[in-house]
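Biologist: I'd like to learn how to read a structure like this one, feature by feature. Please start with the basic vocabulary.

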Amino acid sequence: MQLSKLFSMQRELDLFIQNNREKQTDVFQEKGLALLIELAELANETRCFKFWSTKGPSDDAVILEEYVDSIHFLLSLGIEKDLHTLTNWPEGEVEGELTQLFLETTATIHCFLNELTMTAYEKVWIHYGAIAKKLGFTNEDIISAYLAKNEENYNRQKTGY
């Protein structure tokens, strides 16, 4: 999947937010925590770890929206650390059930936040790709949902979110 367009759109949204909010010099840690929180919210919507409950996962549309919330922050972190030269979604296989994938993705995010290398960043993308595959999301699903959420994020900013 081509990431160049998404990086460009995210850069524009980040600048819009920055220009319309009180200036903060460094929000990298906040974005890192936001990525971890969004991943947890995604896991919560899948309910994959809730062995004690018989209630099923949320609708696919809700899960996909949570998924692209993460993608917004993943793109933004790459922009912050000048790793937006990543033009395509890195390829790689990560096997496991959803719970395992969420745990491993959390670990790769922590690794990236501590190492700040392209290799560590690519591993996060690879893990997110594995989650998408496990959830049955296509590249088209992800792009379409990202575009819709990007527009919603602009509207939220314009209305004092």
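Modeller: Helices are DSSP runs of H or I with at least four residues, strands are runs of E with at least two, and both are numbered from the N terminus. Gln-10, for instance, lies in helix H1. Before we go on: this is a predicted model, where local features need pLDDT of at least 70 and side-chain atom pairs count only at pLDDT 80 or more, while totals for chains, interfaces and linings use all residues. Residues are numbered from 1 along each chain as its sequence is written, and side-chain values use heavy atoms, with hydrogens and water left out.

Biologist: How many helices and strands does the protein have?

Modeller: Six helices and zero strands. Read from the N terminus, the order is α-α-α-α-α-α.

Biologist: What radius of gyration does the protein have, against that of a compact globule?

Modeller: The radius is taken over C-alpha atoms, and the globule rule is 2.2 Å times the number of residues to the power 0.38. For 161 residues the rule gives a value near 15 Å, and the protein has 15 Å, so the two agree. Along the principal axes, the C-alpha atoms fill a box of roughly 45 × 35 × 25 Å.

Biologist: And what share of the residues count as buried?

Modeller: Buried means under 20% relative accessible area, exposed means over 50%, and partly exposed is in between (1.4 Å probe, protein chains only). Here 43% of the 161 residues count as buried.

Biologist: Back to Gln-10, then: what is it in contact with?

Modeller: Contact means heavy atoms within 4.5 Å. Leaving aside neighbours within four places in sequence, Gln-10 contacts His-72, Leu-75, Ser-76, Ile-79, Tyr-146 and Asn-150. Gln-10 counts as buried because its relative accessibility is 3%. Asp-14 is also in helix H1, and at 16% it counts as buried too. With the same kind of neighbours left out, Asp-14 is in contact with Lys-31, Ser-76 and Ile-79. Across the protein, 83% of the contacts between residues at least 6 apart in sequence join residues at least 24 apart.

Biologist: What span should H3 have, given its number of residues?

Modeller: The expected span is 1.5 Å times one less than the number of residues. For the 21 residues of H3 that gives 30 Å, and its end C-alpha atoms are 30 Å apart, so H3 agrees with the rule. H3 is mostly covered, with 15 of its 21 residues buried. Just after it comes Asp-82, with a positive phi near 60°.

Biologist: Which residues does Val-68 touch?

Modeller: Val-68 sits in H3 and is buried, because its relative accessible area is 0%. Not counting residues up to four places away in sequence, it touches Ile-142, Ala-145, Tyr-146 and Lys-149. Those four are among the buried residues of H6. The buried residues of H6 pack against helix H1 (4-19), helix H3 (60-80) and H5. H6 itself has 20 residues and reaches 29 Å between its end C-alpha atoms, close to the 28 Å expected.

Biologist: Now H5: is Met-118 buried or partly exposed?

Modeller: Partly exposed, because its relative accessibility is 25%. Met-118, in helix H5, is in contact with Leu-83, Thr-85 and Leu-86, leaving aside neighbours within four places in sequence. Ala-132 is in H5 as well, but at 3% it counts as buried. Its contacts, with such neighbours again left out, are Tyr-67, Phe-137 and Ile-142. Ala-132 and Tyr-67 are 65 residues apart along the chain, with their C-alpha atoms separated by 8.0 Å.

Biologist: Last one: which residues lie nearest the centre of the second largest pocket?

Modeller: On a 1 Å grid over the protein atoms alone, a cavity is a set of points where a 1.4 Å probe fits but cannot get out, a pocket is an open set with protein on both sides within 12 Å along at least five of seven lines, and lining residues have an atom within 4 Å of a point. This pocket is lined by 19 residues, with Gly-92, Glu-93, Gly-129, Ala-130 and Lys-133 nearest its centre. H5 gives the most to the lining, with six residues.
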